[in-house]
Each structure stands twice: as C-alpha cells, then as structure tokens.
Amino acid sequence: MATVATTRPSLHRKSASSKIQATRIPATRFDRRLSLILDHATDVFCKKGYEGASMRDLSRATGMSLAGLYYYFESKDRLLFLIQKHAFTIILEMLEARLEDVADPEERIRVFILNHLEYFVDNQQALKVLSHEDESLKNGMGSEIAAIKREYYRICLGLMQDLRRKRDLEFNPRTAVMSLFGMINWIYTWYNPRVDGNAEALSKQMADLILNGIMQGSKLRKKN
C-alpha cells in the first residue's frame, strides 16, 4: 500500500529557498513515481469527478495495470486521500520553511498567500479536486484530511490574530481568514497568467486587497 511520507526535513543549516526546493522535489525514485501517479489520478478526478471516475480510468491514466493499482492503492478513495495529503503536506512544509525567518506580521500574511498561490497556480487541477471533493472521503481518511485542513486554518488564523494584536487593529480574524480563503481557493475558475500575472504578482495584489481592507476597516471602526 502506498504511503506519503510525513516526516519533515531538517530545517537547520539550510536557506529558505533550499528548503523549499527540497520539499518540491520528490526524494527517491519511489517518491517520484508516486508523485507522477498522483498527478495522473488528479487529472482523472478533475475531468470526471470522484463519482464519475473508475479504477479502470485511473489505471489507463497512470499506466498501471488494474490489478497493480488495486494492489498498491486498494481503491479510488485511497488515491483521492493521497492526492489531498500529498498537496497539503507540501504546502505546509513550504510554509513552515518560509515563515521561519519572517517576523513582521503583515509580511507573514503575505508569505502565506504567496506560498498558497505558488503551489496552486502550478497545480490548478489539484486545487479543483481539493475544492470539489473535500467531502468525498469517509471514515478515517476523511478525518485525517480534515485535521490537516484545520491545522492550515489555525496557522492562518494565528497570523491574523498576531496582526491584530501587534498593530492594535479592530477586525474579526476568523472573518478575515475565511474571506482570504474565498479569494485564493477559487483561482482555478478564472486565473489567466496573461491577464493576472504570475503567482508572485497575483499574491501581491491579493495581499494588498486583504491587508488594506483590514487596515482601513479598522481605522473606520476606531473612529466610530
């Protein structure tokens, strides 16, 4: 049965860029093969949806025999679980590396947004699958993915709470977090690099929108 490694690489004596690069590149031949299989499976789920995709569809797309796919992954549920776990593991590891040396609360929120967009601009099909199939997993697999998503939410909420406290602002951190997720999680429906720029340019625009809105809204509330 295939598994996704969850051990995070050592963060000592490495620059943030080298840590991020190490996270993006699968470490072993097995990891590279698994990553390729998950990419093909993501394409199938993106096009046909979880309910519409069959193990035979996944077998054809991944180049594995149907028997081999059942042997290593057991079911399409397992593949969907691995797609989601793989994506969130990478995102969280990259975010941890990037936030390590950043102290300014506004800049930390900008880092969060950039990290999210850099991954999903390059993996828009994965974002669509994560957004549309977030309730397809049941039992333990669904619970594990839900726990990872709660961790991601708590990280963002903590960043917003730090901003409020350190800048003495008046705003609801939860509302800010959910508004931000509403912005960054649906880019696959409209993003066009020729119009919207690359991930860095897009993240700057979105960060400006959310942070300027928070700052200006706080000023107005203080006046009232």
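This report covers the cysteines, salt bridges, one loop residue and one helix pair of a predicted model.

**Cysteines**

A disulfide requires two cysteine sulfur atoms within 2.5 Å, and by this rule the count is zero. Cys46 has a relative accessibility of 15%, so it counts as buried under the 20% limit. Cys156 is also buried, at 2% relative accessibility.

**Salt bridges**

Side chains of opposite charge can pair when their charged atoms come close. Over the whole structure, the search returns 11 salt bridges. Three of these pairs are described here, with the distance taken between the closest N and O atoms for the two pairs within helices and from N to O for the pair that involves a loop.

| Pair | N to O distance |
|---|---|
| Asp57 and Arg60 | 2.8 Å |
| Arg165 and Asp162 | 2.7 Å |
| Asp168 and Lys222 | 3.4 Å |

Asp57 and Arg60 belong to helix α3, which spans residues 55-62, and their separation of three residues is about one turn of the helix. What is the burial state of Asp57? Its relative accessible area is 10%, so Asp57 is buried. Arg60, in contrast, is exposed, with 58% relative accessibility. The pair is also part of a network of salt bridges that links Lys48, Asp57 and Arg60.

Helix α8, residues 139-167, holds both Arg165 and Asp162, again three residues apart and about one turn of the helix. Arg165 has a relative accessible area of 55% and is therefore exposed. Asp162 is partly exposed, at 22% relative accessibility.

The bridge between Asp168 and Lys222 has its N to O distance at 3.4 Å. Asp168 sits in the loop between α8 and α9 (173-184), while Lys222 is in helix α11 (residues 199-223), so this pair ties together parts that are 54 residues apart in sequence. Asp168 is exposed, with 53% relative accessible area. Lys222 is partly exposed, with a value of 43%.

**Phe171 in the loop after α8**

The loop between α8 and α9 also contains Phe171. With a relative accessible area of 10%, Phe171 is buried, whereas Asp168 in that loop is exposed. Which residues does Phe171 touch, leaving aside residues up to four places away in sequence? The contacts are Met160, Leu163, Arg164, Ala176, Ile214 and Arg221. For one of these, Met160, the C-alpha atom is 9.3 Å from that of Phe171, and the two residues are 11 apart along the chain.

**Helices α5 and α8**

Helix α5 comprises residues 76-99, and its axis comes within 10 Å of that of α8, with a crossing angle of roughly 20°. That angle is under 35 degrees, so α5 counts as roughly parallel to α8. The crossing of α5 past α8 is left-handed.

Which residues form the contact between the two helices? On the α5 side they are Asp77, Arg78, Phe81, Gln84, Lys85, Phe88, Ile91, Leu92 and Leu95. On the α8 side they are Met141, Glu144, Ile145, Ile148, Lys149, Glu151, Tyr152 and Ile155.

Helix α8 thus recurs in this description: α8 holds the bridge of Arg165 with Asp162, and α8 meets α5 through residues that include Met141 and Ile155.

Terms used
Residues are numbered from 1 along each chain as its sequence is written. This is a predicted model: local features need pLDDT of at least 70, side-chain atom pairs count only at pLDDT 80 or more; totals for chains, interfaces and linings use all residues. Side-chain values use heavy atoms; hydrogens and water are left out. Buried means under 20% relative accessible area, exposed over 50%, partly exposed in between (1.4 Å probe, protein chains only). A salt bridge is a side-chain nitrogen of Lys or Arg within 4 Å of a carboxyl oxygen of Asp or Glu. Helices (H or I, at least four residues) and strands (E, at least two) are DSSP runs, numbered from the N terminus. Contact means heavy atoms within 4.5 Å. Axes are lines fitted to C-alpha atoms, for helices over the stretch in contact, and angles run from 0 to 180 degrees between N-to-C directions. Angles under 35 degrees count as roughly parallel, over 145 as roughly antiparallel, 65 to 115 as roughly perpendicular and the rest as oblique. A crossing is left-handed if the near helix is turned anticlockwise from the far one by less than a right angle, and right-handed if clockwise.
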